[in-house]
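Work through the exercises below with the sequence and the 3D view open. Try each task before reading its solution.

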Amino acid sequence: MKLSEWAKKHGITYKTAWRWVKEGKMPVPFEITPSGTILVHEPETVKEGLVAIYARVSSSDQKADLERQVVRLLEFSNARGFSVGKTVKEIGSGLNGRRKELLKLLSDPNVTTIVVEHQDRLTRFGFEFIEAALRAQGRRILVVEEREVDDDLVHDMTEALTSLAARLYGKRSARRRAKKALEVLQREDP
C-alpha cells in the first residue's frame, strides 16, 4: 500500500511517515519505486482478530513522546508478526476513567489484542481488573515493558489528589491545591 494510505490507517500524518522513511525509522518494511512512490509492506493480518495499539500521554506538551510511543508499539507489534489494524492515541490523565478513545477501544469486540507500552499508559490503577475482564471475553492486553515504571508513592498520591481536586475545584487550580496539600502533609510528618 502507498505510504499515505498506511499513515492514515495508523493515525499518523503523512509528513511524519515520510520523515520516518527519510530518517530510516520506519517500523515496517517499505520500498521506493523508480517513480519515487513509497510502498509499505505490512505483515499478514493476524488470524485471531484485530490488533490495536494504545498510546497515551498526560499533557499536550508531550505530543512528541506520543509519536515516539506509537513508533515503539508498531515496531514491537511487527516484530511479533502482528498486523496492527487500529492505532489509538490519547492525551489525558491515567486516572481519568472517562477517556473517550480508551472506552471505545475497550468496548470494541473486534479488537482481540491491545498493545500498550506500560501498564500505566492504559490506566494508573485497576489494570488487573481491565485485564481480567478482557481475558473473560477471550481478549488480551500485551504490555511491551513488563517491569513497573519507577514511580514512587508521592507521585501517585499527587496524581490522586490532583484528580480529586479537579473534580471539586475545577481543573485550573487542581494541581496547585494538590501540591499545597502534599506540602502540608510533609510538614506535619515527623
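**Exercise 1. A salt bridge within a helix**

Does Glu131 count as buried, partly exposed or exposed, and at what relative accessibility?

Solution. The model is a predicted one. Partly exposed covers the range between the cut-offs of 20% and 50% relative accessible area. Glu131 has 25% relative accessibility, so Glu131 counts as partly exposed.

Next, find the partner of Glu131. Glu131 forms a salt bridge with Arg135, and the closest N and O atoms are 3.7 Å apart. Both residues belong to helix α6 (residues 127–136), where a spacing of four residues puts about one helical turn between them. Arg135 has a relative accessible area of 55%, and the cut-off for exposed is over 50%. Arg135 is therefore exposed.

**Exercise 2. Layout of the chain**

State how many helices and strands the chain has, and give their order.

Solution. Count the elements: there are eight helices and six strands. Then read from the N terminus, which gives α-α-β-β-β-α-β-α-β-α-α-β-α-α.

Two further values describe the chain as a whole. Of its 190 residues, 39% are buried. The accessible surface comes to about 11,600 Å², and carbon and sulfur atoms account for 53% of it.

Last, consider how far apart in sequence the contacting residues lie. Among contacts between residues at least 6 apart in sequence, 62% join residues at least 24 apart.

**Exercise 3. The nonpolar cores**

Identify the residues of the largest nonpolar core that touch the most other members, and the elements that supply the core.

Solution. The largest nonpolar core has 24 residues, and those touching the most other members are Leu3, Trp6, Met26, Ile53 and Leu74. Two or more residues come from each of α1 (3–9), α2 (14–23), β2 (38–40), β3 (50–57) and α3 (63–79). The element that gives the most is α3, with six residues.

Take Leu74 as an example. Apart from neighbours within four places in sequence, Leu74 is in contact with Trp6, His10, Ile12, Pro27, Ile53 and Val84.

There is also a second, separate core of 14 residues, and Ala52, Leu102, Val116 and Phe127 are among them. As background, nonpolar side chains tend to be buried together in soluble globular proteins.

**Exercise 4. A strand with two faces**

Sort the residues of strand β6 into a covered face and an uncovered face.

Solution. Strand β6 spans residues 140–143. In a regular strand the side chains alternate between the two faces of the sheet. Ile141 and Val143 make up the covered face of β6, while Arg140 and Leu142 make up the uncovered one.

Now look at the neighbouring strand in the pairing. Strand β5 (residues 111–116) pairs with β6 in the parallel sense, over four bridges. At one of these positions, Thr113 has Arg140 in β6 as its bridge partner.

**Exercise 5. Helix α3 and Glu117**

Which parts of the chain does the salt bridge between Arg72 and Glu117 tie together?

Solution. Start with the bridge itself: the side chains of Arg72 and Glu117 meet at 2.4 Å, N to O. Arg72 lies in helix α3, whereas Glu117 is in the loop between β5 and α5 (119–122), so the bridge ties together parts 45 residues apart in sequence.

Compare the two ends. Arg72 is partly exposed at 34% relative accessible area, whereas Glu117 is buried at 10%.

Then extend the picture. Asp65, Arg68, Arg72 and Glu117 are linked in a network of salt bridges. The whole structure has ten salt bridges.

Another residue of helix α3 is Gln69. Gln69 counts as buried because its relative accessibility is 1%, and the cut-off is under 20%. Not counting residues up to four places away in sequence, Gln69 touches Tyr54, Ala55, Arg56, Val57, Glu117 and Arg121.

Arg121 in turn forms a salt bridge with Asp120 at 4.0 Å, N to O. Arg121 is buried at 16%, and Asp120 is buried at 12%.

**Exercise 6. A pair far apart in sequence**

Give the distance between the C-alpha atoms of Thr162 and Leu95.

Solution. Locate Thr162 in helix α7 (residues 153–169). Its relative accessibility of 11% makes Thr162 a buried residue. Thr162 and Leu95 are 67 residues apart along the chain, and their C-alpha atoms are separated by 9.5 Å.

Conventions: Residues numbered from 1 in each chain as written. Predicted model: local features only at pLDDT ≥ 70, side-chain atom pairs only at ≥ 80, totals over all residues. Heavy atoms only, no water. Core = buried A, V, L, I, M, F, W, Y, C linked by side-chain atoms within 4.5 Å. Buried < 20%, exposed > 50% of the residue type's maximum accessible area, 1.4 Å probe, protein only. Contact = heavy atoms within 4.5 Å. Areas by Shrake-Rupley, 256 points an atom, 1.4 Å probe, with all protein chains shown as cover. Pairing = 2+ DSSP bridges.
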